[in-house]
Amino acid sequence: MPPQPAPPPAPDSTTAAIRANYARVAGTYAGQWAETLATHGRALADRLALNRQTPSAVTGAAAAVAAAIPASEAVTGAATAGVGSGVVGRASGPWVVEVGCGPGLVLRHLGEVNPGARVVGVETEEMLRQAPAGFGRVVGDAQTLPFGSGVVDAVVMPFVLFHLPALAVALSEVRRVLVSGGAFGAVTWAGHDPHPAYDVWVRVIDEHGAPPDPSPQMPSNDITSDPAKLRNALQAAGFGEVEITVERFRHQPTASEFLAHSQVIGAMARRIGQLPPDRRTACLAVAEEELGRLDPDAFIESGTVLYATARAT
Ligand SMILES: C[S@@+](CC[C@H](N)C(=O)[O-])C[C@H]1O[C@@H](n2cnc3c(N)ncnc32)[C@H](O)[C@@H]1O
């Protein structure tokens with residue numbers, strides 16, 4: 001019987017704060033920005049499609065795991081009108097898991113490029129309730145994955161690694177749940193080009209005396225934005241065949257899209273959320289006025305992302 005995971009420790013406060021931020025915006029995590037990220041998630045999924053793996057990677061340890069996990073704890077894709085939790089095993093067939101799947105914008109594509117695979121998203125309950133039907137949904141944290149050991153054929157984590165305070169623990173967890181030879185892929189932020197609209201937004205918020213963001217955001221970005229450091233972290237966690245490429249991202253909202261999105265998601269949204277209502281209203285009015293005067297190109301958010309793929313050794 002494969003070793004089973006130890007009971008999860010209490011999530012630390014950084015993890016709890018980051019997860020709570022996303023849980024709060026689960027119902028509004030949508031639109032052009034979310035789609036831009038999901039486009040990269042889908043491109044990552046294409047690179048990891050199971051039919052490009054060695055056959056041994058997809059035959060896995062399914063039967064042994066099915067025997068090891070009580071049926072009552074198994075969460076099956078078709079059955080998840082609700083959301084499951086607990087340690088999960090599988091009955092048959094390859095499993096593809098997106099850890100930190102948000103509202104599930106990449107899940108359908110993962111299913112399309114991995115025909116026959118059971119696709120499962122791991123997230124907070126709030127996010128999973130937004131996810132499309134027909135996929136496995138398991139409440140869980142990347143640092144204590146809710147799966148038995150050696151049961152998953154592929155794990156993808158688009159735009160998640162930098163959020164994890166215990167990055168090394170999470171990568172070891174991913175390695176633990178993967179079958180030998182199983183595939184891993186991540187996309188992470190690398191560099192940002194100048195973004196004049198964001199600079200105006202920050203300045204106006206500063207001028208209105210908004211307190212600092214109370215929440216940490218990207219505790220592992222120093223590692224995950226650097227190809228050499230990310231490669232080392234993956235190798236230290238038991239991955240081989242590490243490939244990292246630096247690619248471009250680009251997103252261009254209109255002024256009103258920028259303002260609407262920026263009030264809901266991110267550090268500045270949390271900052272203005274702490275202002276008293278009258279100051280907040282004044283701040284938004286000034287921001288709207290100043291942003292409305294900018295050239296459309298000032299709203300282009302662009303830069304680089306890292307695509308990392310690796311195989312469990
Ligand atoms: C930028 S969103 C990306 C969502 C999705 N992967 C995509 O590309 O569309 C980051 C997601 O990471 C999740 N996340 C943050 N910390 C996490 C953790 N410790 N374990 C699992 N997911 C986490 C958040 O809940 C959030 O939904």
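Visitor: Which of the 24 residues around the ligand come nearest?
Guide: This is a predicted model. In it, Tyr-22, Gly-100, Gly-102, Ala-142 and Pro-158 come nearest to the ligand.

Visitor: Which helices each supply at least two residues of that shell?
Guide: Helix H1, residues 13-24, and helix H2, residues 31-47, each do so.

Visitor: And where does the largest share come from?
Guide: From H1, which gives 4 residues to the shell around the ligand.

Visitor: How many nonpolar, polar and charged residues are in the shell?
Guide: The shell around the ligand has 14 nonpolar residues, 7 polar ones and 3 charged ones.

Visitor: Switching to strand S1. How many of its residues are buried?
Guide: S1 covers residues 95-99, and 5 of the 5 are buried, so the strand is largely enclosed by the rest of the structure.

Visitor: Which residues sit on each side of S1?
Guide: Trp-95, Val-97 and Val-99 lie on one side, with Val-96 and Glu-98 on the other. Every one of these is buried, which leaves both faces of S1 covered.

Visitor: In what sense do S1 and S2 pair, and over how many bridges?
Guide: S2 is residues 118-123, and the two strands pair in the parallel sense over 5 bridges. Val-99 of S1 stands opposite Val-122 in S2.

Visitor: What do S1, H5 and S2 make?
Guide: A right-handed β-α-β unit, with helix H5 at residues 107-113.

Visitor: How many bridges join S1 to S4?
Guide: S4, residues 152-158, is joined to S1 by 3 bridges, and the two run parallel. Here Glu-98 stands opposite Val-156.

Notes
Residues numbered from 1 in each chain as written. Predicted model: local features only at pLDDT ≥ 70, side-chain atom pairs only at ≥ 80, totals over all residues. Near = placed C-beta within 6 Å. Nonpolar A, V, L, I, M, F, W, Y, C, P; charged D, E, K, R; others polar. Buried ≥ 20, exposed ≤ 12 C-beta atoms within 10 Å, placed from the backbone. Pairing = 2+ DSSP bridges. Right-handed = clockwise from strand over helix to strand, strands pointing away.
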